[in-house]
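Hello,

Here is the structure I promised to pass on to you. Please open it beside this message, and my notes on it follow below.

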Amino acid sequence: MPSRLPIHPGRSLHLQLGRATIALVLLATTAWPQETNPVQKMAANEVAARQQRAHFFYISQERSDRTGGHLWKENVVETNDGALRRLVAIDNRPLTATETEAEQRRIDSLVSNPDEFRRLNQAHKDDESRATQLLQILSSNFALVPDGEVNGCIRFAFQPKPEFRPSSYQERIAHELVGTVSLKQPEDRLCTLDAKILHPVEFGFGMLGHIDQGGHFNLARKQIDPKNWKTDHISVHISGRILMLKSLAQNQDAVRTEIRIVPQNLTLAQAAQLTSQ
């Protein structure tokens, strides 16, 4: 069984381009007064939902840097301290008995060491907080153009306003993004986000790092119940280099199915039990 790659906080924090950052940076596009801007209203709803979000069970099919390029099927249960994942198949092949035992030992170790589990998940939680900050910073720096309707969701094309003058790493990256965002009314919730990096981004004239031109990402969300939405498709492909030494590789394609809400205050042991069902 391919070894699980350790979760490095720096991986998701490289140049502030983690999944949650990507998902929320562009929600803040605007071309109307705030009180009439549907994307601004949707963005506020997404921030509020994140603060009071439900926890979910889902089955994830993911091919990424984390999986070593293999297709991993995992049962995932979210807890207050992060998502607990149980690997059940590799490249469409169910785990062998030996691999299943090894996976159980890994999960048992996390259950008995909750501090380690929290540490492994902290980078993702930090990134979500950073996403909210970016949303607030960029709420007036993008222009929207209506771009039709897709699957019952209103779509807008976005690009930075000409007067946008970035003053931080986050804003430098956002300044080079163009794409589309769609939302569902009257719920005013995010449906899809599709963006690409139009031009390369350099930091310190390239000495501190850069992000390559042509990187792209998209996500799609579905409504689970009247209040809750969940991302069920993610695709991220971004490359570059940071601090002259470390390659930046954000490559991920994931599909989530059988999404359902689970109790809010599950213990790790309870979550582990749910992943085995």
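**The disulfide and its surroundings**

Cys-191 is buried, as its relative accessible area is 3%. Please keep in mind as you read that this is a predicted model.

What does Cys-191 pair with? A disulfide joins Cys-191 to Cys-153, with an S to S distance of 2.2 Å. A search of the whole structure finds one disulfide, and a disulfide is a covalent bond between the sulfur atoms of two cysteines. Cys-153 counts as buried too, at 8% relative accessibility. The two cysteines sit in distant parts of the chain: Cys-153 belongs to strand E6 and Cys-191 to strand E8, and they are 38 residues apart. As for handedness, the torsion about the S-S bond of Cys-153 and Cys-191 is about -75 degrees, so this disulfide is left-handed.

**The chain as a whole**

Stepping back, the chain has seven helices and 13 strands. Of its 277 residues, 45% are buried. If you take the contacts between residues at least 6 apart in sequence, 56% of them join residues at least 24 apart.

**Two nonpolar cores**

The largest nonpolar core holds 23 residues, and those that touch the most other members are Phe-158, Val-181 and Phe-217. Which elements supply this core with at least two residues each? They are helices H3 (38-51) and H6 (169-174), together with strands E5 (142-150), E6 (153-160), E7 (177-184), E8 (189-197), E11 (216-223) and E12 (229-242). Strand E8 gives the most to this core, with four residues. There is also a second, separate core of 14 residues, and its members include Ile-59, Ile-107, Leu-110 and Phe-117.

Phe-217 deserves a closer look. Its place is in strand E11, and Phe-217 counts as buried at 3% relative accessibility. In sequence, Phe-217 and Gly-179 are 38 residues apart, while from C-alpha to C-alpha they are 9.6 Å apart in space.

**The E5-E6 hairpin**

Strand E6, the home of Cys-153, also has strand E5 as a partner. The two strands run antiparallel and are joined by seven bridges; within this pairing, Val-145 has Ala-157 in E6 as its bridge partner. Between E5 and E6 there are two residues, which makes the pair a hairpin. One residue of the turn is Asn-151, whose phi is positive at about 50 degrees. Is Asn-151 buried or exposed? At 78% relative accessibility, Asn-151 counts as exposed.

**Other backbone features to check**

Asn-92 is another residue other than glycine with a positive phi, here near 70 degrees. You will find Asn-92 in the loop between strand E3 (82-90) and strand E4 (93-94). Asn-92 counts as exposed, at 63% relative accessibility.

If you plan to look through the peptide bonds, please note the one from Gln-185 to Pro-186: this bond is cis, with omega near 5 degrees. Pro-186 is found in the loop between E7 and E8.

**His-55**

His-55 lies in strand E1, which covers residues 55-64. With a relative accessible area of 6%, His-55 is buried. What does the side chain of His-55 reach? Its partner is the backbone oxygen of Gln-264, at 3.0 Å. Apart from neighbours within four places in sequence, His-55 is in contact with two stretches that you can pick out by number: Glu-78, Thr-79 and Asn-80, and then Arg-260, Ile-261, Val-262, Pro-263 and Gln-264.

**Helix H7**

Finally, helix H7 spans residues 268-275, and its buried residues are Leu-268, Ala-271, Ala-272, Leu-274 and Thr-275. How are these buried residues arranged around the helix? Seen down the axis of H7, they fall within an arc of 160 degrees, so they line one face of the helix.

That is what I have for you. I hope these notes make it easy to find your way around, and do write back with any questions.

Best wishes

Definitions and conventions
Residues are numbered from 1 along each chain as its sequence is written. This is a predicted model: local features need pLDDT of at least 70, side-chain atom pairs count only at pLDDT 80 or more; totals for chains, interfaces and linings use all residues. Side-chain values use heavy atoms; hydrogens and water are left out. Buried means under 20% relative accessible area, exposed over 50%, partly exposed in between (1.4 Å probe, protein chains only). The arc is that of the directions from the helix axis to the C-beta atoms. A nonpolar core is a set of buried Ala, Val, Leu, Ile, Met, Phe, Trp, Tyr and Cys residues joined through side-chain atoms within 4.5 Å. A disulfide is a pair of cysteine sulfur atoms within 2.5 Å. Two strands pair if DSSP finds at least two bridges between them. A polar contact is a pair of N or O atoms within 3.5 Å; within protein, one must be able to donate a hydrogen and the other to accept it, and residues adjacent in sequence count only if both atoms are side-chain atoms. Contact means heavy atoms within 4.5 Å.
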